[in-house]
Amino acid sequence: MSRRITRPALVVAFGLVAGWLTGCGSDDDTVGFGAEAAWSRPTPTGAATGVLYLTVTSDRSDALVGVDVPTDVAGRAELHTTMAADGGHEHHHGGDTATTVEPAEPAEPAMTMAPVESFPIAAGGTLLFEAGGNHVMLLDLPDPLTSGETYTATLRFESGRTLDVDVVVAENAPD
Ligand SMILES: [Cu+2]
């Protein structure tokens, strides 16, 4: 009984130690060129858009300028940023009074997103794409993204470098 628990625990412990060793054992604080924790949320049937989140690191100053995904995943992908929407366009429909109604509670600012041409990344820097923030927008989905599905996205950088990233479709970010 206990062996079933012990064995995965050892594997996890080894992974942590190995990660710690490689993290601290190199000559300096060099950050590699890479991407990790890439995932997409499942999409409902008929949805035209999806998202891709990931973490990108670069050993030198560069900029992410685009992402390519297989056409059976999405027609195209855009780099998007998320920002608070300009609050000046509240629409009040069909009210029977012209009285301005103060919100009962401070409303969360409405968020909107916009395409971005590139995301600069500093030497040794990290570029984070996450829910509520910067993200890769998947457009013109031919089919829903379903949990457990995987695909390869190719990141394109200003320097001309490219990076293939394995993406998993899941409800939550990978640990
Ligand atoms: Cu978006």
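Reader: Let's start with a pair I can look up: in β9, which residue is the bridge partner of L64?

Author: Keep in mind that this is a predicted model. Strand β3 takes in residues 62–68, and four bridges join β3 to β9, which covers residues 150–157. These two strands run antiparallel. Across that pairing, the bridge partner of L64 in β9 is F157.

Reader: And β6, how many bridges join β3 to that strand?

Author: Strand β6 is made of residues 119–121, and β3 runs antiparallel to β6. One spot to look at is A63, which stands opposite P120 in β6. The number of bridges joining β3 to β6 is three.

Reader: Which residue in β10 does R156 stand opposite?

Author: R156 falls in β9, which runs through residues 150–157. Strand β9 is joined by seven bridges to β10, residues 162–169, and the two run antiparallel. In β10, the residue opposite R156 is T162.

Reader: In the hairpin of β9 and β10, which residue takes a positive phi?

Author: Look at the turn end, where four residues sit between the strands. One residue of this hairpin has a positive phi near 100 degrees, and that is G160.

Reader: Over how many bridges do β1 and β2 pair?

Author: Strand β1 spans residues 34–40, while β2 spans residues 50–57. One matched pair puts S40 across from its bridge partner L52 in β2. The two strands pair in the antiparallel sense, and the bridge count is five.

Reader: What about L54, which residue in β7 is its bridge partner?

Author: Strand β2 also pairs with β7, residues 126–129, in the antiparallel sense over four bridges. In β7, the bridge partner of L54 is F129.

Reader: Which residue in β8 does V51 stand opposite?

Author: β2 and β8 pair in the antiparallel sense too, over three bridges. Strand β8 covers residues 135–139. Standing opposite V51 in β8 is M137.

Reader: Is A37 buried or exposed, or something in between?

Author: A37 lies in strand β1, and phi of A37 is near 50 degrees, which is a positive value in a residue other than glycine. Being buried takes 20 or more C-beta neighbours within 10 Å, and exposed means 12 or fewer. A37 has 17 inside 10 Å, so A37 counts as partly exposed.

Reader: How about D140, does that count as buried or exposed?

Author: D140 lies in the loop between β8 and β9. Like G160, D140 has a positive phi, here about 55 degrees, although D140 is not a glycine. Because D140 has 11 C-beta neighbours inside 10 Å, D140 counts as exposed.

Reader: Zooming out, how many strands does the protein have?

Author: Reading along the sequence, the pattern opens with α and carries on with β after β. That gives one helix, and the number of strands is 10.

Reader: What percentage of the protein's residues count as buried?

Author: The cut-off for buried is 20 or more other C-beta atoms within 10 Å. The protein has 175 residues, and the share that counts as buried is 15%.

Reader: Among contacts between residues at least 6 apart, what share joins residues at least 24 apart in sequence?

Author: A contact here means C-beta atoms within 7 Å. One far-apart strand pairing to look at is β3 with β9. Among contacts between residues at least 6 apart in sequence, the share that joins residues at least 24 apart is 76%.

Methods: Residues are numbered from 1 along each chain as its sequence is written. This is a predicted model: local features need pLDDT of at least 70, side-chain atom pairs count only at pLDDT 80 or more; totals for chains, interfaces and linings use all residues. Two strands pair if DSSP finds at least two bridges between them. Two residues are in contact if their C-beta atoms, placed from the backbone, lie within 7 Å.
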